Amino acid sequence: MKLSDYLAKELILPELESETKSDVLKELVAPLGEQYPEMDTDRAVRVLLDREGLGSTGIGDGIAIPHGKLEDLEKVIVVVGRSRKGVEFEALDHSPCTIFFLVLAPEQVAGMHLRVLAQISRLLKDEEFRKAFLSADDLEALWALLKVV
């Protein structure tokens, strides 16, 4: 399983503009409306905010992995974002988050959802990968880094 199986170049946001958790989630979900016109993006944001209410998906080291399940999805979708300035995301280590991997999954594929989250977590534990991700110059450089993992 490759992460790039669930990620499209159009779903990489090299510079997030948002400054709050809820706005980051909205900004990460926004391109899904273009890629998947049938998706209820407002509902997706509500699902993500509900999940954040259970506990922050900011896991530390500048990383957040917001995730949720939608019944009308057919496959797992990953959206990647970067905020060079950082966003307060109520992370476990109380540090701002700069790396965002959003995962949306169909209700009926819990196993796949967990495998994708585990793969992202393993990838982001690699300090060299995080440095390369944060220092990538643009969308093309980020895509080159992400399409092989």
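Start at Arg-43, which is partly exposed at 29% relative accessible area. The model is predicted.

Stay on Arg-43 and add Glu-71. They form a salt bridge, with the closest N and O atoms 3.3 Å apart. Arg-43 sits in helix 2 and Glu-71 in the loop between strand 4 and strand 5 (77–87), so the pair ties together parts 28 residues apart in sequence. Glu-71 is partly exposed too, at 44% relative accessibility.

Now select helix 2, residues 41–54. Its 14 residues should span 20 Å at 1.5 Å a residue, and the end C-alpha atoms are indeed 20 Å apart. Color Ala-44, Val-45, Val-47, Leu-48 and Glu-52: these are the buried residues of the helix. Look down the axis of helix 2: they fall within an arc of 160°, so they line one face. Their cover includes helix 1 (21–35), strand 4 (67–70) and strand 6 (97–106). Turn to the face away from the buried side for the exposed residues Asp-42, Asp-50, Gly-53 and Leu-54.

Check both ends. Asp-40 caps the N-terminal end of helix 2, a side-chain oxygen lying 3.3 Å from the backbone nitrogen of Asp-42. Gly-55 follows the helix, with a positive phi near 155°.

Next, the other salt bridges; the structure holds seven. In helix 1, pick Lys-26 and Asp-23, three residues apart, or about one helical turn. Their side chains meet at 4.0 Å, N to O.

Move to helix 4 (residues 127–135), where Lys-131 and Glu-127 lie four residues apart. Their salt bridge spans 3.6 Å, N to O. Lys-131 is partly exposed at 45% relative accessible area, and Glu-127 is partly exposed at 42%.

Finish with Lys-21, Glu-52 and Glu-90, joined into one network by salt bridges that share partners.

Definitions and conventions:
Residues numbered from 1 in each chain as written. Predicted model: local features only at pLDDT ≥ 70, side-chain atom pairs only at ≥ 80, totals over all residues. Heavy atoms only, no water. Helix = DSSP H or I, 4+ residues; strand = E, 2+ residues; numbered from the N terminus. Expected span 1.5 Å × (residues − 1). Buried < 20%, exposed > 50% of the residue type's maximum accessible area, 1.4 Å probe, protein only. Arc of directions from axis to C-beta. Contact = heavy atoms within 4.5 Å. Polar contact = N/O pair within 3.5 Å; in protein donor to acceptor, adjacent residues only side chain to side chain.
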